[in-house]
Amino acid sequence: MSAPERPLWETLEHSVRGVNKRVNQDWYVAEGSGSQGDPLILSVADGHGSAAHARSHIGARCAVDLFAVQARRFAELARSEGPDGTTQSLSWLMNYARNELPRQLVAAWQEQVLAHWDRYPETVNPAAEPPHKGQKLLLYGATLVGAVLTPQVFAAWQLGDGELTVIGADGAIALPLAPVEADLGDETESLCSRQAWKMVRVHWAPVVARDRTPRLVALSTDGLSKSFASDEGFAQFMTGLDQRLAKDGGPDDVREALPGWLAEAARYSGDDTTLVAARRPGPDAADHGAAADRPRSDA
């Protein structure tokens, strides 16, 4: 009997409510193996949480659920042979990723949260003037980071704050969706923003060879990055996470320790803190795991 095939990707995920928050406004998903018929889908959303965004925890969940739908559709289009027997070109897929998917995602999110409002309208002051569409959307405001990986392509999308961290096969770390200019204060782009689909940042990386595929892809809400005193501290945490996962038994050990690490980060930042990650097992695991240290906050 042959040995069972190793998974293409191993995933882990967890979320912790911020010490200053009554309700965790984050939502997340990590599903799939990254195979042809089972794409790897990762996503985190962060509801804004203030009084002006009183239903943002619902908006965050809608965002993640709808991204998963869009990601499955994208993965189907990216298959070497589509459902109608044709093959989509990479240029067509890139245009779809940069334009059509953001349009469809934002439109679907707006439709779903407005439908939620229609089912559960605000009744505190029935005599008040009904809110207009923009005010309703504002109540559900949330940010979103999402990624999909198939044997053909690695693509990711981001609207607002949070981080997509990628560690390449050579160990180099990158944040490919980091904005050119950091957001000021708590202001951030949002699904409730006017023409939000135009604000979505897109990472596009066709897979040219499996051994050049990233070995770690991690998505996190800004509660994690804000817990560090510097960008370098956050990068060290992610590098340490990669090294810890590479050790024998690493994924199980990290899953056990992750709630404690995120709880510590949430104490520093005061914000809800969520991390989803996927690591590609490989022959390099033992080499990189030898010097691994526990990821920790330097705040």
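Strand β5, residues 153–159, is joined to β8 by six bridges, and the two run antiparallel. One place to find this pairing is valine 153, which stands opposite proline 206 in β8. Keep in mind that this is a predicted model.

Now the sheet around that pair. Five strands make an open sheet in the order β2-β3-β4-β5-β8, with antiparallel pairing. The edges are β2, residues 26–31, and β8, residues 201–206; each has a single partner strand, so one side of each has no neighbour in the sheet. On average, neighbouring strands here are turned by 5° against each other, direction ignored.

Two helices pack on this sheet. Helix α1, residues 56–78, touches β2, β3, β4, β5 and β8, and its direction makes about 155° with that of β3. Helix α2, residues 90–119, touches β4, β5 and β8, and its direction makes about 150° with that of β8.

Next, β10, residues 273–279. Which strands pair with β10? Strand β1, residues 10–16, does so in the antiparallel sense over seven bridges, with glutamate 10 opposite arginine 279. Strand β9, residues 216–220, also pairs with β10 in the antiparallel sense, over five bridges. There, alanine 218 has alanine 277 as its bridge partner.

Is β10 covered or open? Mostly covered: seven of its seven residues are buried. In a regular strand, side chains alternate between the two faces of the sheet. In β10, Thr273, Leu275, Ala277 and Arg279 point one way, while Thr274, Val276 and Ala278 point the other way. Residues on both sides are buried, Arg279 included.

Definitions and conventions. Residues numbered from 1 in each chain as written. Predicted model: local features only at pLDDT ≥ 70, side-chain atom pairs only at ≥ 80, totals over all residues. Heavy atoms only, no water. Buried < 20%, exposed > 50% of the residue type's maximum accessible area, 1.4 Å probe, protein only. Helix = DSSP H or I, 4+ residues; strand = E, 2+ residues; numbered from the N terminus. Pairing = 2+ DSSP bridges. Axes fitted to C-alpha atoms, helices over the stretch in contact; angles between N-to-C directions. Contact = heavy atoms within 4.5 Å.
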